[in-house]
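Please read the points below with the structure open beside you, since each one is meant to be checked by eye. They concern side-chain contacts and the surroundings of the residues that make them.

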Amino acid sequence: MESSAPPNWDVAINRAMASNIPAVFDILKKHSYLLDLAKELRKAKEEVIRNFDYYIDLTKKSVERIGGRFYLAETTDEAKEIVSKIVGNGKTVVMSKNNVASETDLRPHLEKLGNEVWETDLGEFLIQIANEEPSHILAPALHMTKERIAEVMREKLGINVPPDPIAIAQKAREFLREKFLKANIGITGANAIAADTGAVLLVENEGNIRMTSILPPVHIVYDGIEKIVPTLYHAMIETLIQAAYAGLYPPTYVNLTAGPSSTADVEMYRVSPAQGPREFYMVLLDNGRKKAAKDPVLWEILLCIRCGRCSMHCPTYWAIGPRFGKPPYTGPMGIPWTAVTRGIVEAGPAAMLCTHSGNCREVCPMGIDLPKLILHVKEEYLRQLKV
C-alpha cells in the first residue's frame, strides 16, 4: 500500500493541529457539561445499535407521519438506485458534506445520468474541482494548503484568488450562490436522526446546508442507519457534542428538518408545502452496519459521531495523512469503518500502519476503544491472508 504523505502534508497538518487541538481543549474546559452530555449520548446510541430494526421501523413511521417518504437500502447500489429514481436526469443538484455519499460514490453516479452536481461544503467543493480524495473525515481538504487551493481555483475554474482563506471562501461563495438558486434537488446527510419524530439535525458553520435543504423544491436526506438516535432530545445533544469535539463551538447553525415545508397561518391548519421544499425523502443505508452491530468488537465503531478528533491526535495520521485509511473514512476511526463498509481485506493494509499510541481512545467523545478495534482488524486481516 502507498504510505507516503501527499505533497505539503506536513505544512497542512501542522497548521490544522495548531488551530484545532487547543480549541477543543479550551471548549471542554469552558463548557464542562459537554462531558456529561457525551456520556448520555453514548448510552442512547448503544440502545439503537442493540435494537436497530425497532428504531429503523420507528423512524420510517415518524418520517411518513410528517409527510416524507422513507427508504432503507441494504447495499450501496440499492441506495444509489433509489436516489436516481427521485432525481432523474438533466437536473441541477447541490449536495452538502456527506460521507455516505462518498462511501457510495453518489455524485459521480448522478453525473453519469446527465445531472450537474455540486458539492457546497467548501472543503468538499475544493476536492471536487481538484478531482482529489478527502483527507479528513471532517475537513476533507485538509491536505490542501491555501497556496495549492488558489492554484486549483485558477486552473479549474478560471478564478483568480490570492492564497488567503478569507478571499478563497468569498470566491467560492460567489461561485456557488448561482448553483443554489437554480438547483432542482438538495441532498444532505444527517448528524443525527430522531426516531420518535423523524426530525433530522444538521450542524454547520458555512450556511450551505441550510440553503441546500431549503432552496431546492426537493430535499433528500442520505445517510447511514447509525445516525438514528431514540429522541429529538438525543439528536440535539449529538449536534452539540460533534461541534464541540470538532473545535467549532458553539456551531454557527443547527438545522432541524422535519418533513417538507409547511404553514399553519390559515386558521391554524397545517398544510404543505410553503416556501421551502415540497418533497422530503429519507434514504438510509445499511451496507454492513447491521452485521457490525452483532460483531462483539466492531459494533463499537457505530457509536462514532464523525468529529475527526482521533485523527488530530494520531501520530500515524500526522506522518502519512489520508493514506492512513481509505477515503472517505481516514484516520483511526477510518480503519474499523472501512472494515464495516468494505470488508477486512480493504481495511487491513491501513490497519498494519497503526502504532497503537492510544491517543485516539483518550480523546474520543464516545469513549470508543479504537486501538482494540484496529488490533481486531489487523488480526482478522492476517488470518484471512493465511487462508
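**Notes on side-chain contacts**

1. A good place to begin is Met352, which lies in the loop between α16 (344-351) and α17 (359-363). Please keep in mind throughout that this is a predicted model. With a relative accessible area of 38%, Met352 is partly exposed, and together with Leu382 and Leu385 this residue forms a nonpolar patch on the surface, the three having about 270 Å² of accessible area together.

2. A search of the whole structure for salt bridges finds 27 of them. One joins the side chains of Glu116 and Lys182, at 3.2 Å from N to O. That pair links distant parts of the chain, because Glu116 belongs to strand β3 (residues 116-119) and Lys182 to helix α9 (residues 165-182), with the two positions 66 residues apart in numbering. Both ends are partly exposed, Glu116 at 27% relative accessibility and Lys182 at 37%.

3. Helix α9 also carries a salt bridge within itself, in which the side chains of Lys171 and Glu174 meet at 4.0 Å, N to O. The two residues are 3 apart in the helix, so about one helical turn separates them. Lys171 counts as partly exposed at 30% relative accessibility, and Glu174 likewise counts as partly exposed, at 45%.

4. A further salt bridge is formed by Asp369 with Arg361, whose closest N and O atoms are 3.3 Å apart. Asp369 is partly exposed at 21% relative accessibility, and Arg361 is partly exposed at 35%. Elsewhere, salt bridges that share partners join Arg42, Glu46, Glu47, Arg50 and Glu300 into one network.

5. Turning to the aromatic side chains, the search of the whole structure finds 6 aromatic pairs. Among them are Tyr54 and Tyr55, whose ring centres lie 4.9 Å apart and whose planes meet at 85°, so this pair is classed as edge-to-face. The two tyrosines have contrasting surroundings, since Tyr54 counts as exposed at 53% relative accessibility, whereas Tyr55 is buried, with a relative accessible area of 8%.

6. Trp118 and Phe125 form an aromatic pair that is tilted, with 6.2 Å from centre to centre and 45° between the planes. Trp118 is buried at 14% relative accessibility, and Phe125 is buried at 0%. Ring pairs also bring in Phe175, so that Trp118, Phe125 and Phe175 are linked into a cluster.

7. Two arginines deserve a look for their positions over aromatic rings. The charged end of Arg306 sits over the ring of Trp337, at 4.3 Å from the ring centre, while Arg309 lies over the face of Phe25, at 4.9 Å from the centre of that ring.

8. How many disulfides does the structure hold? The number is 0, and two cysteines illustrate the point. The cysteine sulfur closest to that of Cys307 is in Cys364, 6.4 Å away, which is too far for a bond. For Cys354 the closest cysteine sulfur is in Cys314, also at 6.4 Å and again too far for a bond. Cys307 counts as buried at 8% relative accessibility, and Cys354 counts as buried at 15%.

Note on methods. Residues are numbered from 1 along each chain as its sequence is written. This is a predicted model: local features need pLDDT of at least 70, side-chain atom pairs count only at pLDDT 80 or more; totals for chains, interfaces and linings use all residues. Side-chain values use heavy atoms; hydrogens and water are left out. Rings of Phe, Tyr and Trp (its six-membered ring) pair if their centres lie within 6.5 Å; planes under 30 degrees apart count as stacked, over 60 as edge-to-face and the rest as tilted. Buried means under 20% relative accessible area, exposed over 50%, partly exposed in between (1.4 Å probe, protein chains only). A charge sits over a ring if NZ of Lys or CZ of Arg is within 6 Å of the ring centre and within 35 degrees of the ring normal. Patches are made of residues with over 30% relative accessible area and no salt bridge: like charges are joined within 9 Å, nonpolar side chains (Val, Leu, Ile, Met, Phe, Trp, Tyr) within 5 Å. Accessible areas come from the Shrake-Rupley method with a 1.4 Å probe; for residues, only the protein chains shown count as cover. A disulfide is a pair of cysteine sulfur atoms within 2.5 Å.
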